[in-house]
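Hi,

Here is the structure I promised to pass on. Have a look at it first, and my notes follow underneath.

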Amino acid sequence: MKPGPRILIVDDDPGVIRALRGLLGDEGFTTVEARSAAEASRLLEAPDAPPALMLLDLRMPGETGLELLARLPKPLPVPVVVLSGEASPAEAVQALKLGATDFVEKPPSAERLITALRNALALGSLREERERLLDELARPGHLVGDSPAMEALRQLIARVGPSDTAVLITGETGTGKERVAQALHKASGRKGRLVAVNCAAIPATLLESELFGHERGAFSGAVARRTGRVEQAQGGTLLLDELGDMPLELQAKLLRVLETRQVERLGGTLPVTVDVRILAATHQDLTRAVKEGRFRQDLFFRLNVLPLHLPPLRERPEDLLPLARVFAAEFAGPRVTLTLAPGAEAALRAYPWPGNVRELRNVIERLNLLRGDGPLELRPDAVTAPAGTPAAAPRATLGDKSYREHVEDFERDLIRAALREGESIAGAARLLQVDRGNLYRRIKALGLPVVP
Ligand SMILES: Nc1ncnc2c1ncn2[C@@H]1O[C@H](COP(=O)(O)OP(=O)(O)OP(=O)(O)O)[C@@H](O)[C@H]1O
């Protein structure tokens, strides 16, 4: 039989230790014992078999239980249940503040003690799971997902990461292109930073100086010298996001940087040599953009040496649940786990996810906001009326929606039509006679896909 969880009993009274050892043994736990705080810390640090929980007496000669709790790193290395006879309520509160999970009075009833231990162990493993998930998410560029496509992508990134070749990352909006760029930067081992420039969000007139920098007085308003993003990425990686939206003249300048590895600041005389790895991301079909004369063929060839494609989320259903769990860990509290109501997984798989992983993240965030104190349960209706697809949802009557929601619905329909007709953000912005950067921010705020 598999041995039960190891409990570290810390008590200066050998009689108490004996009694607890018997009681816990009967319940299937194994025990390890310490007669002082110093001995307990040694056992906690033992690298081979750390205990799963510490049952700690507060009153001990020498260092007390409270002093030991105060000294241990936070969060505590193992869940702690405190056990004490004459401890005052103030001490109990203090122990809980120092991270103990529960407090049991001596002499404990067997039932109360065992319940406290089981609860503390369950909470400990939930915390561990949550920490593992959060850790996974926090690692820049860590790609969550169990699909064959994601696995292949991880392998490819490990292989091409260390080279200096430019990479073109393609995929629909929200599929994780920026995250892949972070993964590539991490795998490159390059010492410099990853600098990202969103070519659609910056007005075309400012993009050139943003990228290449300018000397003082290069144009009216250039009151001080400014290094561009390319130079800021020196020794690191430059991500050109939404590259399909870069104006043609700038494409020529970018090609020159790729070929010569030198940049010229606006108004500058001497070129600056740069050691920068270029990554580009786009949701647009660049082959079509080349045919239509919106994108330079030579630049396309230069970047397309290493194309990396991210399939839409609807084509990799194996990633849905792992991603949902990671986002649940990100948004919900430590005691909350994501559960699935009957039919929820089928609903996730049936839904087309036009906003891809970003939309799934929004769904989980909304679910967490709406749950109040209740459980985080994903029900099939969580994805039947998503933001940004009112066509699929029944039209609400006037009374159902606020003024703001009506206006936003109208805005969504309008922008979607402009994107269809204009074929890109730049085209839509021209049709609507608005600034491209502002339009881009509105699209994101309304949860719309940036694809026409
Ligand atoms: N495989 C993944 N693992 C973990 N998080 C992911 C993954 N893919 C996407 N995300 C998360 O989903 C969100 C959208 O991803 P990201 O910004 O990388 O998409 P994108 O393709 O660059 O979008 P856009 O084209 O709109 O700029 C981010 O919060 C990102 O961290």
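A quick term before the notes: a crossing is left-handed if the near helix is turned anticlockwise from the far one by less than a right angle, and right-handed if it is turned clockwise. Helices (H or I, at least four residues) and strands (E, at least two) are DSSP runs, numbered from the N terminus.

Some housekeeping. Residues are numbered from 1 along each chain as its sequence is written. This is a predicted model, so local features need pLDDT of at least 70, side-chain atom pairs count only at pLDDT 80 or more, and totals for chains, interfaces and linings use all residues.

On confidence: the protein has a mean pLDDT (the predictor's confidence in each residue, from 0 to 100) of 86, and 92% of its residues reach 70 or more. The model's scores are ipTM 0.98 and pTM 0.65. Residues 385-396 stay under 50 in pLDDT.

Now the ligand. It is surrounded by 18 residues (C-beta atom, placed from the backbone, within 6 Å of it), and the closest are Val144, Gly176, Lys177, Glu178 and Val357. Helices H7 (177-188) and H15 (356-370) are the elements that give two or more residues to this shell. By class, the shell has 5 nonpolar, 7 polar and 6 charged residues; here Ala, Val, Leu, Ile, Met, Phe, Trp, Tyr, Cys and Pro count as nonpolar, Asp, Glu, Lys and Arg as charged, and the others, Gly among them, as polar.

H15 also packs against another helix. Its axis and that of H13 (residues 320-331) come within 9 Å and cross at roughly 45° (axes are lines fitted to C-alpha atoms, for helices over the stretch in contact, and angles run from 0 to 180 degrees between N-to-C directions). That makes H13 oblique to H15; under 35 degrees counts as roughly parallel, over 145 as roughly antiparallel, 65 to 115 as roughly perpendicular and the rest as oblique. H13 passes H15 in a right-handed crossing. On the H15 side, the contact (C-beta atoms, placed from the backbone, within 7 Å) includes Val357, Leu360 and Ile364, and H13 contributes residues including Phe327 and Phe331. The residues of this contact divide into 8 nonpolar, 1 polar and 2 charged.

Last, H16 (residues 403-422) and H17 (residues 425-432): their axes come within 7 Å and cross at roughly 115°, so the two helices are roughly perpendicular to each other.

Cheers

Methods:
Contact = placed C-beta atoms within 7 Å.
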